[in-house]
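Please read this briefing alongside the sequence and the model, which are shown next.

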Amino acid sequence: MANSAATADQAWLPIRTVASLTGVNSVTLRAWERRYGLIRPVRTPKGHRLYSHQQVALIQRVLALAESGVPIGQMRQALADETAQAERGGRADAAPWRGWRDRMAAAVARFDEPTLDGVYDEALALHPIEQTTRFLLMPLLASLGERWQKVAGGVAEEHFFAVFLRNKLGARFHHRHRLETGARLLAACAPGEHHEIGLLVFVLSAHDAGFRVIALGADTPLAEIAVAAKRTTCRAVVISSSMDLRDEMLARDLPALVRGAKVPVFVGGLSADRHRSAIVAAGAVALGTDIEAGLRAIKAALATKRRRK
């Protein structure tokens with residue numbers, strides 16, 4: 001990013017905040033910029049570095065590649081290779097996923113569960129379940145969520161597919177291998193959020209990443225989450241929300257949760273993108289919709305907090 005000044009329509013983070021979010025210290029961030037050209041922050045008129053949330057996600061991706069054994073000197077090429085691979089088909093809008101999604105959408109419109117199941121099994125025969133969930137099931141659920149306002153029967157379609165998806169993910173949830181050593185997270189849907197699918201996907205992904213997760217489910221008052229956080233001695237709280245959050249919740253209830261829980265509070269889902277500045281102002285961390293990047297951010301934040309003790 002070569003801009004010399006930050007634009008007003010984006011939230012920008014100082015280097016100390018980025019270091020806290022990612023666990024990468026300021027000296028290393030500057031070295032990545034100067035020596036390797038990996039992250040290029042904008043500069044204020046006084047020369048202070050500012051980073052976008054997209055750059056924070058990129059830093060977290062660099063960390064993940066480094067953990068997999070990629071040397072820092074080869075990181076730019078590794079990132080370029082990932083981008084090229086995504087363009088060849090590892091994206092939700094690539095042809096295979098789009099075709100399966102169209103067929104599943106047609107089956108949903110007919111309330112045809114056998115065909116829906118068949119297309120899902122076809123995708124699973126060629127791709128891992130995590131990739132199938134990310135690039136097929138979740139985008140289809142999102143499109144059905146938009147469709148209900150425009151098409152008669154759209155609400156019934158969305159509910160039909162949500163039950164199908166809940167059954168599929170629920171089977172994974174109940175048959176997962178349990179780990180007893182990871183950091184404990186408390187996860188819940190925000191008040192008024194009745195769609196649990198995003199939370200369930202996060203719980204499964206967090207478990208695969210080594211966390212232990214206590215899930216509270218849909219429409220959970222923030223005051224209750226604070227109580228549960230204390231009783232469970234969790235290391236962090238994660239809130240899932242896809243809707244517009246009330247001003248009152250952002251200005252009063254979320255800051256109260258941050259104070260009462262006494263552990264880091266993270267907000268994920270579409271709400272985190274829509275209300276990022278207000279969430280940060282409340283003392284919480286906005287994760288966005290990328291679950292893998294969100295889990296890396298949580299790991300980095302917990303590691304940073306442990307080192308400071």
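The points below cover the nonpolar cores, the parallel sheet, one helix residue and the salt bridges.

This is a predicted model, in which local features need pLDDT of at least 70 and side-chain atom pairs count only at pLDDT 80 or more, while totals for chains, interfaces and linings use all residues. Residues are numbered from 1 along each chain as its sequence is written, and side-chain values use heavy atoms, with hydrogens and water left out.

**Nonpolar cores**

- The largest nonpolar core (buried Ala, Val, Leu, Ile, Met, Phe, Trp, Tyr and Cys residues joined through side-chain atoms within 4.5 Å) has 37 residues, and those with the most contacts inside it are Leu29, Leu185, Phe202, Phe211, Phe266 and Ile298.
- Helix 14 (residues 291-308) gives the most to this core, with 5 residues; helices (H or I, at least four residues) and strands (E, at least two) are DSSP runs numbered from the N terminus.
- Leaving aside residues up to four places away in sequence, isoleucine 298 touches Leu185, Phe202, Phe211, Val238, Phe266 and Leu287, where contact means heavy atoms within 4.5 Å.
- Another core, of 26 residues, lies apart from it and includes Leu222, Ala229, Met249 and Leu250.

**The parallel sheet**

- Five strands form an open sheet in the order 5-4-6-7-8, with parallel pairing, and two strands pair if DSSP finds at least two bridges between them.
- The edges are strand 5 (212-215) and strand 8 (285-288), each of which pairs on one side only.
- Helix 9 (residues 197-208) packs on the sheet, touching strand 4 (184-189), strand 5 and strand 6 (236-240), and its direction makes about 170° with that of strand 4; axes are lines fitted to C-alpha atoms, for helices over the stretch in contact, and angles run from 0 to 180 degrees between N-to-C directions.

**Methionine 138**

- Methionine 138 lies in helix 7 (residues 129-147) and counts as partly exposed because its relative accessibility is 23%, with buried meaning under 20% relative accessible area, exposed over 50% and partly exposed in between (1.4 Å probe, protein chains only).
- Its C-alpha atom is separated by 8.1 Å from that of glycine 198, 60 residues apart along the chain.

**Salt bridges**

- The structure holds 11 salt bridges, each being a side-chain nitrogen of Lys or Arg within 4 Å of a carboxyl oxygen of Asp or Glu.
- Glutamate 122 and arginine 103 meet through their side chains in one of them (3.1 Å, N to O); glutamate 122 lies in helix 6 (residues 113-124) and arginine 103 in helix 5 (residues 95-109), so the pair ties together parts that are 19 residues apart in sequence.
- A network of salt bridges links Arg246, Glu248, Arg252 and Asp253.
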